[in-house]
Structures are given as structure tokens and as C-alpha cells.
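Trainee: Please take me closely through one part of this model, and then show me what else in it deserves attention. I should like each term explained when it is introduced.

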Amino acid sequence: MHTIYAVTRHSPRALPWLAICGLAWCVTLVPHATAQPAPPAGVIIDVAGAKHTAYPIAVPQGVASDLAASREIAEVLSKNLAIAGYFKVLDPKSFLADLAVESMGIDPAKWRDVGAYGVVKYRATTTGDRIALEFRFYEVAKGADVRLTRTYSGKKADVRGFAHQWSNELVKYLTGEPGFFGSRLAFVTKKGTSSQVFAIDCDGANATAITRNTSTNILPAWSRSGALVAFTSYMRNNPDLYVVGAGGGRPRKVASYKGMNTGASFSPDGSQLAVTLSKDGNAEIYIINVSDGSIVRRITNDRGIDTSPAWSSDGRELAFVSDRDGSPQIYVVSASGGTPKRVSQNGNYNTTPTWSPRGRVLAYTTRDGGRYDIVTLDLTTKVMARITQNEGNNEEPSFAPNGRAIAFASTRPGGAGIYIAPADGQGTAVKIWSGAATGIDWGP
């Protein structure tokens with residue numbers, strides 16, 4: 001019988017509120033626990049549990065392995081497990097086992113003595129530009145028998161990808177849910193006098209430029225397939241909307257209406273975009289076709305500023321920001337139109353909503369006590385959870401593809417950059433990229 005370790009569980013689509021206003025015109029948080037269904041048979045970490053208990057796991061460097069590949073794999077695995085939100089990755093300096101003697105096996109007593117519940121072993125063998133990898137996972141309480149094993153082979157350049165694949169297999173085995181390793185995040189950072197859209201792996205590696213012009217490019221948004229990125233650019237002296245392949249290249253202009261063409265959010269089928277347009281003098285939410293930018297329907301019609309649309313994962317709803325009640329707040333409306341409903345009730349400044357892939361849950365930026373923080377709101381239960389607090393300014397959240405983690409931009413004492421934290425608010429944020437960043441959007 002498995003022991004269950006309980007672990008509970010936009011894409012910002014527009015500019016920060018003050019910046020939007022410039023373009024348009026040129027709380028008490030209560031923790032909550034609800035009854036959860038029993039985890040699937042065989043699951044070791046119950047990610048739906050109400051309490052967070054990190055699963056201690058050891059990732060010793062591979063022995064009898066290519067040294068460079070072994071070090072890279074250890075680095076990737078440790079970073080992946082740290083940002084997953086379920087694990088406590090043990091310090092290699094604490095290990096008592098003789099790794100050379102153990103080789104690909106384990107001495108359970110040695111790992112039990114350092115507090116490990118699980119141990120990952122691997123071997124990397126290289127021949128020319130080829131690599132063969134074997135991974136094994138052990139549950140210390142169950143002795144020296146291997147619980148999970150996988151092998152991979154390919155080019156040495158693919159070693160990080162193989163490490164991500166193994167990480168996903170391990171998370172699936174332990175939780176019953178898919179991991180998010182190998183997914184990419186888009187964001188904006190300054191490069192000289194311009195602002196460019198970049199993409200990085202979810203562990204912060206492999207930064208690549210998606211835009212390469214000399215203008216200001218902002219607000220990237222992934223399509224649900226991961227094939228396209230929409231963004232707003234001033235390359236033609238107006239905030240116009242473009243779409244480009246995920247690997248970069250020549251962008252295609254989609255919308256260039258007078259005024260703002262910002263805050264894109266792809267529909268689930270990828271054929272439409274929810275956007276902010278100010279073509280009639282006021283910032284409103286519209287749905288347009290990706291193919292030619294033609295307007296499908298106007299969603300809002302209010303004297304207030306309506307911005308930052310975010311399409312729900314089921315395609316039925318849009319969240320957006322409006323100051324129609326006097327300050328920026330989060331509203332939700334049917335994607336077919338209708339009367340919007342205000343859903344944010346904390347404080348007087350709430351922006352950049354993003355939907356979880358796991359139902360009717362929003363994350364957004366809130367301001368209280370003079371700082372910006374990330375909170376989540378379950379629209380069904382009305383329960384809020386705080387993701388950040390008392391650690392600098394934290395803005396522009398975006399959910400992982402499995403909904404179990406949130407990426408955001410932060411200026412905390414650990415240094416400005418992109419951080420990832422568990423979406424249940426019960427863990428430590430991990431820094432994956434250093435530097436000023438805006439417009440965080442986590443791709444599929």
C-alpha cells in the first residue's frame with residue numbers, strides 16, 4: 001500500500017493599468033480547506049490534498065557517466081523538482097551513501113538516514129555525438145526494488161529534453177497528473193533602447209528572441225497549440241497587434257485599428273483573439289479573427305476603460321479589467337457577450353487576470369499595503385489564496401499548463417526576475433530568470 005503525502009494544489013494579456021490609461025487617453029485573504037476526493041489508487045503524492053507536505057527526494061549525480069552530461073542532468077532534474085511544488089530536493093552534501101558502490105542501485109538505510117523518501121538514479125553513456133540514458137526511481141520505504149525506470153537515446157544536444165521527459169514521467173508516476181517540464185514561457189525585457197519578446201524553458205534555460213526589431217514589443221500571448229505568439233508592437237508607430245511563429249521570424253500584422261490593439265488572448269481553438277481596441281475613442285474588449293483581424297463581436301460597451309481580456313480554458317468566458325466602478329477591478333463575462341460581473345472584492349486595485357487550466361479559478365495582481373502581490377480566486381467557492389506576500393512587488397501571473405504552478409514577475413530581495421510558485425500558495429517561489437521582466441505568459 002502506498003503512503004499518501006498530501007500536497008495541495010496572464011496569462012497577462014495587457015499592459016499594467018497605469019500604462020493602459022496612458023494609451024487610452026494620449027483585503028483580507030482567508031485560507032480555506034475543502035473536502036477533497038480520494039486520490040487515484042497508486043498515487044503517492046496527493047496534489048489535491050488540503051495540506052502541503054513536501055516529498056523529500058534525492059538526486060545524486062550519475063556515476064559511471066559522461067561527466068558533463070551527468071552534471072547537466074542533475075542540474076535540470078533538481079531545478080524541475082524544485083519548481084514542481086511537491087518536492088524538497090535534498091542537498092547532495094548531506095548524502096551518506098557510497099555512490100560508486102551503489103551504482104544504479106540504492107542502500108535504503110543510507111537514504112532513510114538523510115530523510116529521503118525517494119531517490120533518482122541515472123547513467124549517461126556517450127558515443128561521439130550520441131547519448132544513451134537510463135533513469136531509475138526508488139521509494140526508500142519499499143527497499144531496493146526499482147519503482148520506475150525509463151531509457152532514452154539520441155543526440156547529446158538533446159540531453160536537457162530527455163531530462164525534462166523523465167521529470168514528467170516521474171511527476172506522473174508520483175501524482176497521477178502530467179508535469180509541465182519542457183514547456184516555455186514568453187516575456188518582455190529591455191534590450192538597449194527596445195523592448196523584445198523572449199521565450200525560455202520553464203526552468204529558465206534556452207532563452208531565445210521571438211522579436212528582433214528595434215521597436216517596443218509588449219504583451220506576448222501563446223496560442224493554445226504553442227505554435228504562435230501574439231504581441232503588440234510599435235514598429236509602425238502605433239500599438240498594432242502581430243502574430244509570429246513560436247520560433248520567431250517575420251511577424252504578420254493582424255490588427256491595426258486606430259489607437260490601441262493590445263492584450264491578445266487566443267481562443268481555445270486558436271481561430272480568434274480577445275483584444276482591447278480603442279478605435280472608437282475608448283478602450284473596449286472585442287473578439288477578432290486571427291486570420292485577418294476582422295471583428296467578430298464587441299464584448300464591452302462602457303464609459304470605463306476595459307482591458308486585459310483573458311479567455312477561459314473552456315472557451316466560455318472572458319475575464320478582463322475595468323475601472324467602471326471607479327478603480328481597476330476584475331470582471332467576468334460570457335465569451336458570447338452579455339452583462340459583465342465583478343468578481344474581485346479585495347482592495348481597490350486588481351489587474352492582469354489569467355485563468356487556470358483547472359476550472360473556474362483566476363490568478364491576478366492585487367495591491368494592498370502599498371505593494372503588488374499575486375492572489376488566486378476560485379469563482380465557484382469564492383475562496384481566495386495568497387501566492388505572494390511581503391516580498392517586493394509581484395505582478396502579471398500566468399498558470400503552468402497543468403495549473404499546479406504560477407509564474408510571475410517579481411522585484412523581491414532575491415533579485416528582480418521571473419519566479420515560479422505553487423498555485424496553492426503553500427510553497428516557496430523559485431527564481432528561474434534574472435532581470436526585469438513584464439508580460440509573463442506560460443505556453444503549453
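Mentor: Let us start at Ser-233, which is buried, with a relative accessible area of 0% (buried means under 20% relative accessible area, exposed over 50%, and partly exposed in between, with a 1.4 Å probe and protein chains only). The model is predicted, so local features need pLDDT of at least 70 and side-chain atom pairs count only at pLDDT 80 or more, while totals for chains, interfaces and linings use all residues. Residues are numbered from 1 along each chain as its sequence is written, and side-chain values use heavy atoms, with hydrogens and water left out.

Ser-233 belongs to strand E12 (residues 228–233); strands (E, at least two residues) and helices (H or I, at least four) are DSSP runs numbered from the N terminus. Its side chain is joined to that of Asn-217 by a polar contact of 2.8 Å. A polar contact is a pair of N or O atoms within 3.5 Å; within protein, one must be able to donate a hydrogen and the other to accept it, and residues adjacent in sequence count only if both atoms are side-chain atoms. Setting aside neighbours within four places in sequence, Ser-233 is in contact (heavy atoms within 4.5 Å) with residues including Asn-213, Ser-215, Thr-216, Asn-217 and Tyr-242.

Thr-307 may be placed beside this. Thr-307 lies in strand E19 (residues 306–311) and is buried, with a relative accessible area of 0%. The side chain of Thr-307 makes a polar contact of 3.4 Å with the side chain of Ser-308.

We turn next to the aromatic residues. Tyr-122, Phe-135, Tyr-152, Phe-162 and Trp-166 form one aromatic cluster; rings of Phe, Tyr and Trp (its six-membered ring) pair if their centres lie within 6.5 Å, and planes under 30 degrees apart count as stacked, over 60 as edge-to-face and the rest as tilted. In total, the structure holds 17 aromatic pairs. One of these is edge-to-face: Tyr-349 and Tyr-372, at 5.5 Å centre to centre with 65 degrees between the planes. This pair links distant parts of the chain, 23 residues apart: Tyr-349 is in the loop between strands E22 (341–342) and E23 (350–355), and Tyr-372 is in strand E25 (residues 371–378). Both Tyr-349 and Tyr-372 are buried. A stacked pair is formed by Phe-408 and Tyr-419, at 6.3 Å centre to centre and 20 degrees between the planes. Here Phe-408 in strand E28 (residues 405–410) is linked to Tyr-419 in strand E29 (residues 417–422), 11 residues apart. Phe-408 and Tyr-419 are both buried.

Charges also meet these rings. The charged end of Arg-367 sits over the ring of Tyr-349, 4.3 Å from its centre, and that of Arg-412 sits over the ring of Tyr-419, 4.8 Å from its centre. A charge sits over a ring if NZ of Lys or CZ of Arg is within 6 Å of the ring centre and within 35 degrees of the ring normal.

Tyr-419 leads us to a sheet. Four strands form an open sheet in the order E27-E28-E29-E30, with antiparallel pairing. Strands E27 (394–399) and E30 (430–434) stand at the edges, each with a single partner strand, so one side of each has no neighbour in the sheet. Neighbouring strands of this sheet are turned by 25 degrees against each other on average, direction ignored. E29 and E30 pair over 4 bridges (two strands pair if DSSP finds at least two bridges between them), and Tyr-419 stands opposite Lys-431 in E30.

Across E28, E29 and E30 lies helix H2 (residues 67–84), running at about 120 degrees to E30; axes are lines fitted to C-alpha atoms, for helices over the stretch in contact, and angles run from 0 to 180 degrees between N-to-C directions. Ala-84 lies in this helix and, at 2% relative accessibility, counts as buried. The C-alpha atoms of Ala-84 and Val-430 are separated by 9.7 Å, although these residues are 346 apart along the chain.

Finally, consider strand E9 (residues 194–201), of which 8 of 8 residues are buried. Ser-194, Gln-196, Phe-198 and Ile-200 point one way, and Ser-195, Val-197, Ala-199 and Asp-201 the other. E9 pairs with strand E8 (residues 184–191) in the antiparallel sense over 8 bridges, and Val-188 has Val-197 as its bridge partner. In the hairpin of E8 and E9, with 2 residues between the strands, Gly-192 takes a positive phi near 70 degrees.
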